[in-house]
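Reader: I am new to this structure, and I would like to hear how its descriptions are justified.

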Amino acid sequence: MTEPRPLNIPVILGTARKGRASVHAARLFVELLNRRAGVTSRLIDIATVPMPVDDAGEAIKDPAFAQAMTAADGLVIVSPEYNHSFPGLLKHVLDSCLSEYIHKAVGIVGVSAGGFAGARVIQGLLPVMREIGLVTIFWDVNIGTVAKVFAEDGRLLDDAVIRRSERFIKELIWMTKVLRHGREQVTVDDEAAERPPAVTCPVCGMAMTHHADKEVASVPAVEGATVLSAHTCANCGAQQGIITSVTG
Ligand SMILES: Cc1cc2nc3c(=O)[nH]c(=O)nc-3n(C[C@H](O)[C@H](O)[C@H](O)COP(=O)(O)O)c2cc1C
């Protein structure tokens, strides 16, 4: 029997700040993942992802980052807490991909100088993860008062963080396996047959993305008709409603 391909779970370091302490946490998670049989991990440092700041979204996709997201089966995001949220650059980089993330597992590690241990970062990231199609696990790792956890040179000062990471990693591996099995083995064709045809944007002609395929509530009302579904173009923002025939 052939060995299954290793689960590929890279770690995204979510800040480019000089002197960032989160890099130590990110490196630790790469190491902890690589210690697991059947798992491979590497660091993806957002400081090395070329990102223009005069545009946003898939228009500025970096080929190497997109390729890494396509190849990933699951992800760890290590994010510091900046003013009670995640760094804007992390969001900017994440926003540059979309279909690459769908039905893949993600676990979040929050890092902060203060005592809330990145809890607010994690809460803030959860809806973002959901919107881009990642599937969050129900374990997090919180690293508070980070200066007491890692020395400036990256040495681990408090190995309780390893114990606290155990269930997080186990759960992430399980979810990554399950979702990879689902992506490879479980068809959505039966559902697709019952769904309305894919939507092409009436304004820019962009092919459907999963955002365009999702229903939204805000299309103009048409008197005497019912809106069956409404779609937003991820490229130009145009909205299109599919309505029943107008009566009267
Ligand atoms: C712009 C900025 C805002 C910050 N806001 C918070 C905060 O709201 N709460 C907190 O505990 N630490 C805050 N910090 C401190 C970071 O959490 C701290 O630097 C920690 O080491 C993780 O970030 P780092 O990887 O950039 O070092 C902030 C740091 C910066 C640079």
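Author: This is a predicted model, in which local features need pLDDT of at least 70 and side-chain atom pairs count only at pLDDT 80 or more, while totals for chains, interfaces and linings use all residues. Residues are numbered from 1 along each chain as its sequence is written, and side-chain values use heavy atoms, with hydrogens and water left out.

Reader: Which residues are closest to the ligand, and how many surround it?

Author: The ligand is surrounded by 15 residues, each with a heavy atom within 4 Å of it; the closest are Arg17, Ala21, Ser22, Tyr82 and Asn83.

Reader: What makes the pairing of serine 22 with the ligand a polar contact?

Author: A polar contact is a pair of N or O atoms within 3.5 Å, and a polar side-chain atom of serine 22 lies 2.4 Å from an oxygen atom of the ligand. For histidine 84, a backbone N or O atom lies 3.1 Å from a ligand oxygen atom.

Reader: Why are α1 and α5 called oblique to each other?

Author: The axes of α1 (residues 22-34) and α5 (residues 160-185) cross at roughly 60°. Angles under 35 degrees count as roughly parallel, over 145 as roughly antiparallel, 65 to 115 as roughly perpendicular and the rest as oblique, and therefore α1 and α5 are oblique.

Technical notes. Axes fitted to C-alpha atoms, helices over the stretch in contact; angles between N-to-C directions. Helix = DSSP H or I, 4+ residues; strand = E, 2+ residues; numbered from the N terminus. Polar contact = N/O pair within 3.5 Å; in protein donor to acceptor, adjacent residues only side chain to side chain.
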